[in-house]
Amino acid sequence: QAQLFESGGGTAQSGGSLRLSCLVAGGTFSDYTVGWFRQPPGKEREFVSLTSWRDGSARYADSVKGRFTISRDNAKKTVDLRMDSLKPEDTAVYYCAAGVENVQSMDVVQWGPGTQVTVSA
């Protein structure tokens, strides 16, 4: 079974940029849809973005569309999330997730431990 390890994150000012990276260790990387979810303070975990294992296509939540970019490197077994034009409401713990794509987003079979992103006004 795959294990997920996030890196990146940290603190940025409003309008700034950050990059998250997820390493998928073990398992067969090409079998998984890999994505990102986030949990803002006091709120439920929500979908952010995913990249499909089938064709590498990307999906985004409306709240990040046009600002975030997901990319996948099958050779390195990594999935990056480039976050631009950050807003204070992007502040959350961000989780890498592996699983199977569905109509809404994805059925997650494995979560990473999470990494904090804080955006100051």
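## Salt bridges and an open sheet in a predicted model

Asp84 and Arg82 form a salt bridge in which the closest N and O atoms lie 2.9 Å apart. The structure described here is a predicted model. Both partners of this pair fall into the partly exposed class: Asp84 has a relative accessibility of 24%, and Arg82 has a relative accessible area of 33%.

The count of salt bridges comes to 7. Side chains of opposite charge can pair when their charged atoms come close. Three of the pairs are set out below.

| Salt bridge | Closest N and O atoms | Citation |
|---|---|---|
| Asp84 with Arg82 | 2.9 Å | Asp84–Arg82 |
| Glu46 with Arg38 | 2.7 Å | Glu46–Arg38 |
| Arg19 with Asp80 | 3.5 Å | Arg19–Asp80 |

The pair of Arg19 and Asp80, with its closest N and O atoms 3.5 Å apart, links distant parts of the chain: Arg19 lies in strand β3 and Asp80 in strand β8, 61 residues apart. Arg19 counts as partly exposed because its relative accessibility is 42%, which lies between the limits of 20% and 50%. Asp80 counts as buried because its relative accessibility of 17% is under 20%.

The strands that carry these two residues are themselves paired. Strand β3, residues 18–25, and strand β8, residues 78–83, run antiparallel and are joined by 6 bridges. Within this pairing, Leu18 stands opposite Met83 in β8.

Both strands belong to an open sheet of 4 strands, whose order is β1-β3-β8-β7 and whose pairing is antiparallel. At the edges of the sheet are β1 (3–8) and β7 (68–73), each of which pairs on one side only. On average, neighbouring strands of the sheet are turned by 15 degrees against each other, direction ignored.

A further group of charged residues remains to be described. Glu46 and Arg38 form a salt bridge, and their closest N and O atoms are 2.7 Å apart. Glu46 is partly exposed, with a relative accessible area of 31%, whereas Arg38 is buried, with a relative accessibility of 4%. The two residues are also part of a network of salt bridges that links Arg38, Glu46, Arg67 and Asp90.

Note on methods: Residues are numbered from 1 along each chain as its sequence is written. This is a predicted model: local features need pLDDT of at least 70, side-chain atom pairs count only at pLDDT 80 or more; totals for chains, interfaces and linings use all residues. Side-chain values use heavy atoms; hydrogens and water are left out. Two strands pair if DSSP finds at least two bridges between them. Helices (H or I, at least four residues) and strands (E, at least two) are DSSP runs, numbered from the N terminus. Axes are lines fitted to C-alpha atoms, for helices over the stretch in contact, and angles run from 0 to 180 degrees between N-to-C directions. A salt bridge is a side-chain nitrogen of Lys or Arg within 4 Å of a carboxyl oxygen of Asp or Glu. Buried means under 20% relative accessible area, exposed over 50%, partly exposed in between (1.4 Å probe, protein chains only).
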